[in-house]
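Please take a look at the model below. The walk-through starts with one side chain and then widens out.

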Amino acid sequence: MIKNSTKVLVLCALALSLFNCSSDDDNDRGNWIERSVFDGVPRSNVVGFVIDELGYMGTGYDGDDYLVDFWQYNIAGDYWVQKADFPGTERSSATGFALDGLGYLGTGYDGVDELTDFWSYNPGSNSWTQKADFLGGVRQAAIGFGISGTGYIGTGYDGDNDRKDFYKYDPTSDTWSELVGFGGEKRRFGTTFTIGDKVYIGTGVSNGLYKTDFWEFDPSTEVFTSKLDLDEEDDYSITRSNAVGFTVDGLGYIVSGYNGGVLNSTWEYDPGTDEWEDITGLEGYSRQDALAFSTGTRAFVLLGRSGSLYLDDNYELFPQEDYDDED
Amino acid sequence: MKNVLKFAFGIGLIAIIVVIFFQTNESSSSDYTTRVYPVNSGFGYEISIHNKVLIKQDNIPAIQNEIPFCNEDNANTIASLVVSKLENKIAPTISKAELKENKIILNCLN
C-alpha cells in the first residue's frame, strides 16, 4: 500500500516536471514588445527609412486605395506625426532609403502601371523634391539602400519581367549610372540590410522559385561577393519573398514574408561566421509586405498583411532578451 | 438567518450596480484626449489614448514645410477630426482636401 502511494507520488512528480519542462520550453532568445499604432490604419507595401533616430513611412496600399500620406514615427517618444504628403502618384511597393540626412523614395506600382519617378524628402524642411527618374525604367518590388554617399536600387519587377540589374544614384549631381557586377539571379520582393560598411542582399522570388543566393556588397570596391546559400543547412528555412531586413547591434535580421504562406519566423545573420540562427518569431500575426525601422540599435516591424487582412500593429525586437509570452 | 441572506443579497446587488455604473461610465467617454498648445508662434495639437501620446502635430499635417496652425480654433478643428476618425477606426490621416473643407489657414507665417 505504502509502495503504491509512493509510486503514484513519483509518477505525479514526473508528470509535473514534464509539464513544467514543456511550459518552460519557450525560453528562446529574442523577445517582441508591442509599440504605438493607430487602430484602423492597416496598410502594406509601404516605404520607410530612418533619419536621426526618427522613422519615416508612407505610401502603400490599404486593400482599397493606393496612398500618399507620410508619417514620422518618434522612436524615443513612441508617437506619430503626420508629415507632408508624398507629391507623386499614389503607389505601393516603392523603394526607399536614407542617405546623408535625406530620404529617397521612388519607383513602385500605382495599381495599373509600374513607376520610374524618384523623389527626395528633407526632414528638416518637411519638403519633397522630384529628382532624376530611376535609370532602370519602370519598376516595383525592387531593393534599395543608401551607403557611403551613394544610393542604390536594383532587382524588382518591370511589369513584364523580373530583373537583376542595379543602378547607383549620385545625389550631388542628381544622376544615375548602371552598376555592373551583381552575380545574383533576377528576383522581385527581395530584401537587404546593412552591417557596418557592407550591404547584404538576399531572398525574393522569381517564377515561383524562392531565391537561395545571398550576397555581400562592398560599396568601396563595388564588388558583390557570394555568401553561403540561404538553404546551406538542413534546418534553415530562410528562403522567402516579401520579407523585411534590418540590423541590430552588428547582426542582420530577416523577419516575416511569404513562402507558400505568410511567415513570422525571424532569422539572425552573423557576418563574422556567415551563419544564420532562428530566434523568436514575430509575435502577432504572421505577415508579408511589412515595414522595418532600424536605428542600428533598436528595430521595429510594423504593418503588412496576412492574406486580405491588412495589419496596423508595430513590434520592437529585443534579440538578446529571452522570450516572454506575458508582455 | 433570513436576515443575513437578505443582507448578503443586498450587498451583492449594490456591488453589481456599482460595477455596471463604472463600466458604462468608462465606455461612454472617449478613449482619446486632445490637447492644443502654443508652438512656434502658432498652435499644435496632441492626441493621447489612455494618457499616452499617440499623435503630436507641431505643424499642419499633409502640407509641405513646417507651418503651425494659425489659431487655436484651427488646431482644435483638425484635432477633433482626427479623434473622430480614430474612434471610427478610420485612418487618422488628414488630407489637403480636408484642410480646405475646414478652412484651415495655411499661410499665417507669411
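Arg240(A) has no salt bridge, so to speak of its surroundings, begin here: which side chain of opposite charge is nearest to Arg240(A), and how many Å away is that side chain? The nearest one is that of Asp278(A), 6.9 Å off. Arg240(A) is buried all the same. This is a predicted model, and the distances come from its coordinates.

Where does Arg240(A) sit? It is in the loop between strand 19 (223-227) and strand 20 (244-248) of chain A. Its side chain finds backbone oxygens. One belongs to Ser237(A), at 3.1 Å. Another belongs to Ser256(A), at 2.9 Å. Leaving aside residues up to four places away in sequence, Arg240(A) also touches a list of others. Among them are Thr203(A), Gly204(A), Tyr210(A), Tyr258(A), Leu263(A) and Trp267(A). Ser256(A) is on that list as well.

Now step back to chain A as a whole. Chain A has one helix and 28 strands. Of its 327 residues, 54% count as buried. Look at contacts in chain A with a separation of 6 or more: 51% of them join residues 24 or more positions apart.

One of the strands holds the next stop. Thr155(A) lies in strand 11 (residues 150-157) of chain A. Is Thr155(A) buried or exposed? Thr155(A) counts as buried, because its relative accessibility is 0%. Again leaving aside residues up to four places away in sequence, its contacts include Arg139(A), Arg163(A), Lys164(A), Asp165(A) and Arg187(A). Ala142(A), Ile143(A), Phe166(A) and Phe182(A) touch Thr155(A) too.

Next, the backbone. Most residues other than glycine have a negative phi. Asp289(A) is not a glycine, yet its phi is positive, about 55°. Asp289(A) is found in the loop between strand 23 (275-279) and strand 24 (291-294) of chain A. Asp289(A) counts as buried because its relative accessibility is 6%.

Chain B offers another positive phi. Asn40(B), a residue other than glycine, has a phi near 40°. Asn40(B) is also in a loop, between strand 1 (32-39) and strand 2 (42-49) of chain B. Is Asn40(B) buried or exposed? Asn40(B) counts as exposed, because its relative accessibility is 54%.

Finally, turn to where the chains meet. How many residues does each chain bring to the contact? Chain B brings 21 residues and chain A brings 24 residues. Together the chains bury about 1700 Å², and 45% of that is on carbon and sulfur atoms. On the chain B side, Leu54(B), Gln64(B) and Glu66(B) lose the most area to chain A. Together they make up 28% of what that side buries.

Polar and charged links cross the contact. There are two salt bridges between chain B and chain A. In one salt bridge, the side chain of Lys52(B) meets that of Asp78(A), at 3.4 Å from N to O. Polar contacts link twelve residue pairs between the chains, both residues at pLDDT 80 or more. Strand 3 (residues 52-57) of chain B gives the largest share of the chain B side, with six residues. By class, that side has twelve nonpolar, four polar and five charged residues.

Technical notes:
Residues numbered from 1 in each chain as written. Chains lettered and ligands numbered in written order. Predicted model: local features only at pLDDT ≥ 70, side-chain atom pairs only at ≥ 80, totals over all residues. Heavy atoms only, no water. Contact = heavy atoms within 4.5 Å. Buried area = accessible area lost by both parts, 1.4 Å probe. Salt bridge = Lys/Arg side-chain N within 4 Å of Asp/Glu carboxyl O. Polar contact = N/O pair within 3.5 Å; in protein donor to acceptor, adjacent residues only side chain to side chain. Helix = DSSP H or I, 4+ residues; strand = E, 2+ residues; numbered from the N terminus. Nonpolar A, V, L, I, M, F, W, Y, C, P; charged D, E, K, R; others polar. Buried < 20%, exposed > 50% of the residue type's maximum accessible area, 1.4 Å probe, protein only. Lys, Arg positive; Asp, Glu negative; His and termini not counted.
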